[in-house]
Amino acid sequence: MKELVQYIAQSWLTTLLKLKVNEIEENGNIRVELRVAKEDMGRIIGKGGRVANSIRVLLRVAAAREGKRVSLDVLEPLILQVV
């Protein structure tokens, strides 16, 4: 699931270095956490949440093929500090 989200997100983002995807499995459910740069949040969420919801649908279909349940959380943007 993690690879699917990375693949989809990479095609939408302008700042690929700040893309981070975590996959957490608990009690047979998979939770995918997606973090992107602040300037890419609007792109990944989309107007009215359409892009994020479309990614969720694709994830659910892929998970159903494997007999699993999955959810996608779009988290606060990454803030990288240059030292």
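**Exercise 1. Classify N27 in this predicted model as buried or exposed, and find where N27 lies and what marks its backbone.**

Step 1. The relative accessible area of N27 is 81%, and since exposed means over 50%, N27 counts as exposed.

Step 2. As for its place in the chain, N27 sits in the loop between β1 (20–26) and β2.

Step 3. Turning to the backbone, N27 has a positive phi of about 55°, although it is not a glycine. Most residues other than glycine have a negative phi.

**Exercise 2. Work out which residues are joined by salt bridges, and how exposed each partner is.**

Step 1. Begin with the total, which is 3 salt bridges in the structure.

Step 2. Take R31 and list its partners one by one. With E26, the closest N and O atoms are 3.8 Å apart; with E33, the N to O distance is 3.0 Å; and with D73, the closest N and O atoms are 3.7 Å apart. Each pair can be checked against the cut-off, which asks for a side-chain nitrogen of Lys or Arg within 4 Å of a carboxyl oxygen of Asp or Glu.

Step 3. Consider where the pair of D73 and R31 lies in the chain: D73 belongs to strand β3 (residues 69–74) and R31 to strand β2 (residues 29–35), and the two are 42 residues apart, so that the pair links distant parts of the chain.

Step 4. Put the pairs together, and the shared partners join E26, R31, E33 and D73 into one network.

Step 5. Now compare accessibility, recalling that buried means under 20%. E33, at 15%, is buried, whereas R31 at 26%, D73 at 28% and E26 at 41% are partly exposed.

**Exercise 3. Identify which side chain of opposite charge is nearest to D40, and what else D40 meets.**

Step 1. D40 is found in the loop between β2 and α2 (41–45), and it is buried yet has no salt bridge.

Step 2. The nearest side chain of opposite charge is that of R43, 4.3 Å away, and a salt bridge would need a nitrogen within 4 Å of a carboxyl oxygen.

Step 3. The side chain of D40 does, however, make a polar contact of 2.9 Å with the side chain of T14. Leaving out residues up to four places away in sequence, D40 touches L13, T14 and T15.

**Exercise 4. Decide which residues of helix α1 are buried and which are exposed, and explain how the buried ones are arranged.**

Step 1. In α1, which covers residues 2–12, the buried residues are V5, I8 and A9.

Step 2. Looking down the axis of α1, one finds these buried residues within an arc of 95°, so they line one face of the helix.

Step 3. On the other side of α1, E3, Y7 and S11 are exposed.

Step 4. The cover over the buried residues of α1 includes β1, β2, α2, α3 (50–65) and β3.

**Exercise 5. Find which residues touch the most other members of the largest nonpolar core, and which element gives the most to this core.**

Step 1. The largest nonpolar core has 19 residues, and among these V32 and L34 touch the most other members.

Step 2. At least two residues of this core come from each of α1, β2, α2, α3 and β3, and α3 gives the most, with 4 residues.

Step 3. Follow V32 further: not counting residues up to four places away in sequence, V32 touches M1, V5, V21, N22, V70, S71, L72 and D73.

Step 4. As background, nonpolar side chains tend to be buried together in soluble globular proteins.

Terms used: Residues numbered from 1 in each chain as written. Predicted model: local features only at pLDDT ≥ 70, side-chain atom pairs only at ≥ 80, totals over all residues. Heavy atoms only, no water. Buried < 20%, exposed > 50% of the residue type's maximum accessible area, 1.4 Å probe, protein only. Lys, Arg positive; Asp, Glu negative; His and termini not counted. Polar contact = N/O pair within 3.5 Å; in protein donor to acceptor, adjacent residues only side chain to side chain. Contact = heavy atoms within 4.5 Å. Arc of directions from axis to C-beta. Core = buried A, V, L, I, M, F, W, Y, C linked by side-chain atoms within 4.5 Å.
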